[in-house]
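Student: I have just opened this structure and would like a friendly tour. Could we go through it together, one question at a time?

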Amino acid sequence: MQGIIVTSGIANVATGEEGRRNELQLIDELASLTHISPENILPSSTGMIGPQLPVNTILQGMPAIVDQLSPEHFMQFAKGIITTDSAIKIESRTVGEATILATAKGAGMIEPNMATMLVYIFTDAIVPDANIDGMLHHSVNLSFNSMSIDTDTSTSDTVALLSSGIHSVDLDEFQNALDDVCVSLCRQIVAGAEGAKHTIEVVVENCATDEEAKRIGKSIINSPLVKTAIYGGDPNWGRIIMAIGKTPDINLDKGAIRISIGEYPIFEDGKEVTGNVEAIRQYLKSNNVITITVDMNSGHERHRVFGCDLTEEYIRINSYYTT
């Protein structure tokens, strides 16, 4: 595998034909400088939507950047793609003699499929062409497509899996490792979300379908009232019931639902478990990762979604984003 990933801090979208010409001009120039086919250059972008790329500035800087290309510069690459991220996001796993190494950026305007996020996964494992796309889709559905920070999506997103094909691996083991890498990066993204103080993981189990469980979970983590309750340490389970109830086209029997926050049941048999309210309040105030479990008792499917709370800092960051 020989290729280059190119990222820009400007979202080269909503820029029309001029934007497309600018992109192709930069790819052609980089291909010439690196002696790599333009087809092996992967462009991606993030940032403000609409402005044209500063083509002349990028062209002037290309020769110096090309001179610095090195397999040793992965950490610089991981740092270079972040924008409002508070930290770099990396993860790795070994599978036999092979390695999976990945990095991601993303902190806001995220509810995939997909959103303002970039994820690059590299491996020296041999993954057949017939398998690689399906394996990546499986991992993405468990992770990035089961994540939301603020319900907003973007025109700029990338998840790429690139293999140099050196070491043979057991494909089932590789799939498990790829799943782990993607879930870990997903957790890092929501933990580093703009202004976030708490990560929220919602597990919806015993549901009629996997897709229904996912929609219920997304409804919970996307609710501003649930998010602010978690931020304030308020065990307001009524907001969770509300988020479940407003999810369209689901199999719903309120009397069958069981809700737990952390290890503590808060709603079952159609009523509040009053004895756990104070324990849940302390759980919310003393943990950065909050787990909500919803047992729908309507089937056998299970899905986990990832989100975060909503704070004043998120509003501050996004109130002055362009200024």
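Here are some questions and answers about cavities, a helix and two single residues.

Student: Before we start, what kind of model is this, and how many cavities of 30 Å³ or more does it have?

Tutor: Good place to begin: this is a predicted model. Rolling a probe the size of a water molecule over the atoms shows where empty space is left. With cavities of 30 Å³ or more being counted, the total is 2.

Student: Which elements give two or more residues to the lining of the largest cavity?

Tutor: The largest cavity has a volume of about 50 Å³. Its lining includes Val226, Ala229, Ile230, Trp237, Arg239 and Ile240. The elements that supply two or more lining residues are α7 (224–232) and α8 (237–245).

Student: How many nonpolar, polar and charged residues line the second largest cavity?

Tutor: This cavity holds about 40 Å³ of space. Its lining consists of Ile149, Asp150, Glu194, Lys227, Cys308, Asp309, Leu310 and Tyr314. Sorted by class, they are 4 nonpolar, no polar and 4 charged.

Student: How far apart are the end C-alpha atoms of helix α2, and what span should its residues give?

Tutor: Helix α2 covers residues 55–67, which is 13 residues. At 1.5 Å a residue they should span 18 Å, so the model agrees with an end-to-end C-alpha distance of 19 Å.

Student: Where is the kink in α2?

Tutor: The kink is about 40° and comes shortly before the proline Pro63. The residue where it lies is Gly61.

Student: Which residues of α2 are buried, and what helps to cover them?

Tutor: The buried residues in α2 are Val55, Met62 and Val66. What covers them includes α1 (16–34).

Student: Is Ser260 buried or exposed?

Tutor: You will find Ser260 in strand β8, residues 258–261. Leaving out residues up to four places away in sequence, Ser260 touches Pro265, Ile266, Thr291, Ile292 and Thr293. Its relative accessible area is 8%, and the cut-off for buried is under 20%, so Ser260 is buried.

Student: Why does Glu278 count as partly exposed?

Tutor: Glu278 sits in helix α9, residues 277–286. A residue is partly exposed when it falls between the buried limit of under 20% and the exposed limit of over 50%. Glu278 fits that class because its relative accessibility is 44%.

Student: What distance separates the C-alpha atoms of Glu278 and Asp234?

Tutor: Along the chain, Glu278 and Asp234 are 44 residues apart. Asp234 is also one of the residues lining the largest cavity. The C-alpha atoms of Glu278 and Asp234 are separated by 9.7 Å.

Terms used
Residues are numbered from 1 along each chain as its sequence is written. This is a predicted model: local features need pLDDT of at least 70, side-chain atom pairs count only at pLDDT 80 or more; totals for chains, interfaces and linings use all residues. Side-chain values use heavy atoms; hydrogens and water are left out. On a 1 Å grid over the protein atoms alone, a cavity is a set of points where a 1.4 Å probe fits but cannot get out, and a pocket is an open set with protein on both sides within 12 Å along at least five of seven lines; lining residues have an atom within 4 Å of a point. Grid points are joined across faces, edges and corners, and a volume is the space filled by probe spheres set on the points. Helices (H or I, at least four residues) and strands (E, at least two) are DSSP runs, numbered from the N terminus. Ala, Val, Leu, Ile, Met, Phe, Trp, Tyr, Cys and Pro count as nonpolar, Asp, Glu, Lys and Arg as charged, and the others, Gly among them, as polar. The expected span of a helix is 1.5 Å times one less than its number of residues. The bend at a residue is the angle between axes fitted to the seven residues ending there and the seven starting there. Buried means under 20% relative accessible area, exposed over 50%, partly exposed in between (1.4 Å probe, protein chains only). Contact means heavy atoms within 4.5 Å.
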